[in-house]
Amino acid sequence: MAQTEKKGGLLRKSSASKKPLKEKVVLMYDEIFTTEDPSKCNPRFWEELFLMKVNLEYLEGKLEALDGEELMKIKDNINCLFQHCIQALGEEHPIRVVNALQTLCALIRGVHQKNKSTSGFDIINMLVGFDKAELCMKNLMESLDSLLCAEGSESLKSLCLKLLLCLVTVTDNISQNTILEYVMINSIFEAILQILSSPLSRREHGYDAVVLLALLVNYRKYESVNPYIVKLSIVDDEATLNGMGLVIAQALSEYNRQYKDKEEEHQSGFLSALTNMVGSMFIADADEKISVQTNEAILLALYEAVHLNRNFITVLAQSHPEMGLMTTPTSPIPTTPVTPLGTTPPSSDVISSAELPLDADVQTSNLLITFLKYSSIVMQDTKDEHRLHSGKLCLIILTCIAEDQYANAFLHDDNMNFRVNLHRMPMRHRKKAADKNLPCRPLVCAVLDLMVEFIVTHMMKEFPMDLYVRCIQIVHKLLCYQKKCRVRLHYTWRELWSALINLLKFLMSNETVLLAKHNIFTLALMVVNLFNMFITYGDTFLPTPSSYDELYYEIIRMHQNFDNLYSMVLRLSTNAGQWKEPASKVTHALVNIRAIINHFNPKIESYAAVNHISQLSEDQVLEVVRSNYDTLTLKLQDGLDQYERYSEQHKEAAFFKELVRSISINVRKNLAFNTLSQELLLKEFSTIS
């Protein structure tokens with residue numbers, strides 16, 4: 001018997017004597033693409049259509065093949081198809097509902113694709129018709145809302161979310177997508193929250209729901225009142241906020257795990273390659289970048305939650321077992337292909353603290369720790385555009401956290417200590433830190449470690465000035481909290497001081513190259529003022545008097561760098577060039593540092609001469625410092641503990657528009673309706689009553 005094979009909407013017989021036969025659904029599509037009303041000769045046309053298995057490829061292709069004029073000729077039939085799809089969503093038979101949802105996806109994508117090359121018709125008019133648009137879209141949104149909130153099929157809910165993501169991302173710039181006006185008027189916000197608050201729904205659909213919410217929040221956010229922003233900012237239901245936090249934590253954990261696996265694979269490959277090498281002349285080449293694609297969509301969701309909702313801050317500190325360290329999962333975890341910027345969830349096993357008891361043998365973690373680890377990976381390499389965007393967004397999220405009073409309270413809480421294993425960039429002049437030696441400390445120490453790590457590892461020709469400014473601002477905001485609340489943090493401040501002095505040294509060494517692109521005096525002033533914070537208020541937040549002595553020791557030891565900086569800014573502030581004003585600000589800011597150097601250096605030299613010592617030890621220098629504080633005169637500097645609060649609309653609007661555009665394109669690219677295979681659906685709804 002001849003084999004039947006399906007290809008491009010055709011049913012072919014292997015025998016060449018017969019003409020290929022078209023699938024019935026394809027013949028029905030062809031009728032829609034004529035100017036005649038398809039139900040004229042067949043009153044049951046629309047009823048039959050939604051019992052047919054959808055051929056997405058054919059329907060989208062057919063729409064794309066038409067030019068604008070041809071499309072306008074069949075506008076009535078397309079309107080009719082769109083309206084019948086919406087009617088079918090209210091049917092009892094799930095097969096009809098599934099086929100209607102998939103047809104809507106193809107219609108929306110196909111018509112929008114056409115609009116890219118042809119202007120001259122309105123999308124809403126083309127799909128539904130102006131006269132019926134309001135009612136049709138209201139019915140569509142109400143049907144989707146009902147399906148998402150119903151007890152029914154998880155597959156149907158998944159397809160509803162795919163349709164909504166398709167609707168939101170058909171245009172690169174979501175704010176130009178006029179259909180979204182109807183999604184604003186007929187809100188599905190509560191349906192999204194319901195998915196996030198239910199453990200079962202969250203496991204199946206949490207990722208898509210969180211990405212959808214992040215995109216909807218960004219629709220025309222600077223031009224009009226966006227109801228999703230308003231509603232997200234006042235959510236206070238613990239289960240919902242925790243649900244959102246768990247979805248985000250799982251996605252970031254998955255990224256961290258993939259990176260760790262690649263790193264281990266890379267290291268074992270490198271070691272075996274190394275054993276075959278003669279000599280070590282090629283070692284430097286082995287430190288190539290380990291790349292795992294960043295997940296900007298989930299990072300945007302975390303940002304919106306932290307930035308808009310004060311209650312979400314509590315979720316950052318909610319303890320849960322370290323994801324990925326669970327030794328014996330209670331149920332087999334389905335393997336899902338990962339498309340981080342798309343809509344496939346990184347893993348279906350999103351655990352909640354209520355679902356898994358804490359195990360004494362498992363390191364407890366929380367969303368903030370997972371996020372800090374993620375940040376330490378993406379901030380390592382900022383040469384790639386996606387990573388630069390991700391690194392910037394990580395620092396913006398940390399800026400919002402560093403400004404929040406409650407977040408600071410748990411960051412600095414001595415009773416909440418964790419080991420946070422940040423990823424450190426391989427560098428020739430330092431050893432890789434052993435994970436086991438990590439101390440248990442308040443979480444703010446990990447934030448400071450991350451900032452120090454960034455400062456030390458990005459002094460390069462392609463200088464990421466913007467990221468450095470954000471980094472120093474975060475440190476400053478944390479110090480302002482410590483000064484205000486008199487928190488004496490046991491931290492190795494010397495590492496920070498050393499990193500800051502080396503940064504100043506780098507700025508001076510590369511003055512000509514950097515000044516061609518950046519105003520480096522802004523950054524230099526911020527760094528000098530951090531030292532001024534320590535000098536002026538250090539006695540209120542440094543852990544011990546000896547820490548304050550060490551600060552002076554470090555300034556005196558590295559005085560040459562401060563002297564050189566003073567010479568440089570003095571030179572530029574006395575010239576009438578463009579840098580006169582910013583350079584003179586640094587000159588004034590250096591007054592106390594210079595006073596310390598000029599006061600103690602002669603005393604140290606005198607001590608060395610009297611005691612016939614050519615080089616003083618650290619203890620001897622500290623002895624001189626302690627015995628000469630009384631005669632030191634410093635000027636009181638105003639505003640050191642003040643800062644400008646983060647503002648998205650005025651400073652970051654362009655960045656977020658570009659970021660959301662990039663996410664929209666990636667979500668659309670990865671939006672695969674085949675992820676919900678027809679076979680699974682047909683199996684699930686095999687009986688139509």
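## Salt bridges, a pocket and two single residues

At 58% relative accessibility, Arg310 counts as exposed, because the cut-off for that class is a relative accessible area over 50%. The model described here is a predicted one, and Arg310 is a useful place to enter it, since this residue has a partner in a salt bridge. That partner is Asp404, and the closest N and O atoms of the two residues are 2.9 Å apart. Arg310 sits in the loop between α16 (296-308) and α17 (313-316), while Asp404 sits in the loop between α19 and α20 (405-411), so the bridge ties together parts of the chain that are 94 residues apart in sequence. Unlike the exposed Arg310, Asp404 is buried, with a relative accessible area of 8%.

**Other salt bridges**

The bridge between Asp404 and Arg310 belongs to a structure in which a search of the whole finds 35 salt bridges. Three of the pairs are set out below.

| Pair | N to O distance | Separation in sequence |
|---|---|---|
| Asp208 and Lys162 | 2.8 Å | 46 residues |
| Asp404 and Arg310 | 2.9 Å | 94 residues |
| Arg494 and Glu618 | 2.6 Å | 124 residues |

The side chains of Asp208 and Lys162 meet in a salt bridge. Asp208 belongs to helix α12 (residues 199-217) and Lys162 to helix α9, so this pair, too, ties together separate parts of the sequence. Both Asp208 and Lys162 are buried.

Between Arg494 and Glu618 the side chains also meet in a salt bridge. Here Arg494 lies in helix α23 (residues 493-509) and Glu618 in helix α30 (residues 618-626), so the link ties together parts that are 124 residues apart in sequence. Arg494 is partly exposed, with a relative accessible area of 28%, and Glu618 likewise counts as partly exposed, at 30% relative accessibility.

Beyond these pairs, there is a network of salt bridges that links Lys392, Asp466, Arg470 and Glu652.

**The second largest pocket**

About 640 Å³ of space lies in the second largest pocket. Two or more residues of its lining come from each of the elements α19 (385-403), α22 (465-485), α25 (520-541) and α28 (580-589). The lining is made up of 29 residues, and those that lie nearest the centre of the pocket are Val469, Gln473, Met526, Tyr643 and Glu644. By type, the lining residues divide into 11 nonpolar, nine polar and nine charged. Where does the pocket lie with respect to domain 2 and domain 3? Because domain 2 (292-320 + 362-425 + 436-485) and domain 3 (491-647) both give residues to the lining, the second largest pocket lies between them.

**Two single residues**

Is Asn177 buried or exposed? At 1% relative accessibility, Asn177 counts as buried, because that class takes in residues under 20%. Asn177 has its place in the loop between α9 (154-169) and α10 (180-185). When its neighbours within four places in sequence are left aside, Asn177 is in contact with His112, Leu167, Val168, Val170, Thr171 and Tyr219.

Glu64, in turn, lies in helix α3 (residues 56-65) and is partly exposed, with a relative accessible area of 36%. Although Glu64 and Gly110 are 46 residues apart along the chain, their C-alpha atoms are separated by 5.9 Å.

Technical notes:
Residues numbered from 1 in each chain as written. Predicted model: local features only at pLDDT ≥ 70, side-chain atom pairs only at ≥ 80, totals over all residues. Heavy atoms only, no water. Helix = DSSP H or I, 4+ residues; strand = E, 2+ residues; numbered from the N terminus. Buried < 20%, exposed > 50% of the residue type's maximum accessible area, 1.4 Å probe, protein only. Contact = heavy atoms within 4.5 Å. 1 Å grid on protein atoms, 1.4 Å probe; cavity = no way out; pocket = protein on both sides within 12 Å on 5 of 7 lines; lining within 4 Å. Points joined across faces, edges and corners; volume = space filled by probe spheres on them. Nonpolar A, V, L, I, M, F, W, Y, C, P; charged D, E, K, R; others polar. Domains from an automatic or database assignment. Salt bridge = Lys/Arg side-chain N within 4 Å of Asp/Glu carboxyl O.
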